[in-house]
Amino acid sequence: MTLQDFEKEIWSSAYLIRMSVEQIIEPIVKKCGLTVQQGYVLIGIYKGNISNVTDICTLIRMNQSNASAICIKLEDLGLIKKEKNPSNKRKVNLIVTDAGREKMKLFESYLEQFSPLLEEISEEEIEKIRHVHRRMLEMMEQMKKIVEEQK
């Protein structure tokens, strides 16, 4: 395989993975009463990857207005709350509420239906997949740095 073929395969694979994840996630978050973007934001806050609106804009690639609207909706649903940032009173931290944690448990329970598929994978295959996955993430981080430098 040539380097060009490998590069094309990487981009094609990344696209197909993203589309597949969205096709899997969308019906699950809808069962939870959320849109895909609301689901991504709630998951990000729950996992600790998102702590404020700026994080949403950066990680999910969304403008400030849309990010704020999603936060307002999640807050209206009682899934998150805003707390003043103790180190900067002008900023707020986004916190998952008890209801938000319950929603995440429901979401995770829907994901459990895929466990039998994963149980079929051997330990050796799991290690290979994990290695490739970590390497792909490292490459993507390097690519993001290149893109940021070009801004």
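A cavity here is a set of grid points where a 1.4 Å probe fits but cannot get out, while a pocket is an open set. Keep that in mind as you click around this predicted model.

**Stop 1: the enclosed space.** Searching the whole structure turns up one cavity of 30 Å³ or more. The largest cavity holds about 40 Å³ of space. To see its walls, select V29, C32, L34, G39, L42, I43, K103, M104 and F107. Colour them by class and you get seven nonpolar residues, one polar and one charged. Now show the helices: α2 and α5 (98-111) each put at least two residues into this lining.

**Stop 2: F107.** Stay with F107, one of the residues lining the largest cavity. Which residues does F107 touch, leaving aside its neighbours within four places in sequence? Select I25, I28, V29, C32 and I43 to see them. V29, C32 and I43 also belong to the cavity lining.

**Stop 3: the nonpolar core.** F107 is also among the residues with the most contacts inside the largest nonpolar core, along with L42, I45, I56, L74, I80 and L94. The core has 25 residues in total. Show α1, α2, α3, α4 (64-76), β2 (88-96) and α5 together, since each of them supplies at least two core residues. The top contributor is α2, with five.

**Stop 4: the open space.** Next, go to the largest pocket, which has about 2100 Å³ of space. Centre the view on A14, I17, R18, V21 and L137, the lining residues that lie nearest the middle of the pocket. The full lining runs to 38 residues. Elements giving two or more of them are α1 (3-31), α2 (36-47), α3 (53-59) and α7 (123-150). What is the lining made of, by class? It divides into 23 nonpolar residues, six polar and nine charged.

**Stop 5: N85.** Finish on strand β1 (residues 80-85), where you'll find N85. Is N85 buried or exposed? Its relative accessibility is 14%, so N85 counts as buried, the cut-off for buried being under 20%. Show side chains and look for N93: a polar contact of 3.5 Å joins the side chain of N85 to that of N93. Beyond residues up to four places away in sequence, N85 touches K91, V92 and N93.

Notes:
Residues are numbered from 1 along each chain as its sequence is written. This is a predicted model: local features need pLDDT of at least 70, side-chain atom pairs count only at pLDDT 80 or more; totals for chains, interfaces and linings use all residues. Side-chain values use heavy atoms; hydrogens and water are left out. Helices (H or I, at least four residues) and strands (E, at least two) are DSSP runs, numbered from the N terminus. Buried means under 20% relative accessible area, exposed over 50%, partly exposed in between (1.4 Å probe, protein chains only). A polar contact is a pair of N or O atoms within 3.5 Å; within protein, one must be able to donate a hydrogen and the other to accept it, and residues adjacent in sequence count only if both atoms are side-chain atoms. Contact means heavy atoms within 4.5 Å. On a 1 Å grid over the protein atoms alone, a cavity is a set of points where a 1.4 Å probe fits but cannot get out, and a pocket is an open set with protein on both sides within 12 Å along at least five of seven lines; lining residues have an atom within 4 Å of a point. Grid points are joined across faces, edges and corners, and a volume is the space filled by probe spheres set on the points. Ala, Val, Leu, Ile, Met, Phe, Trp, Tyr, Cys and Pro count as nonpolar, Asp, Glu, Lys and Arg as charged, and the others, Gly among them, as polar. A nonpolar core is a set of buried Ala, Val, Leu, Ile, Met, Phe, Trp, Tyr and Cys residues joined through side-chain atoms within 4.5 Å.
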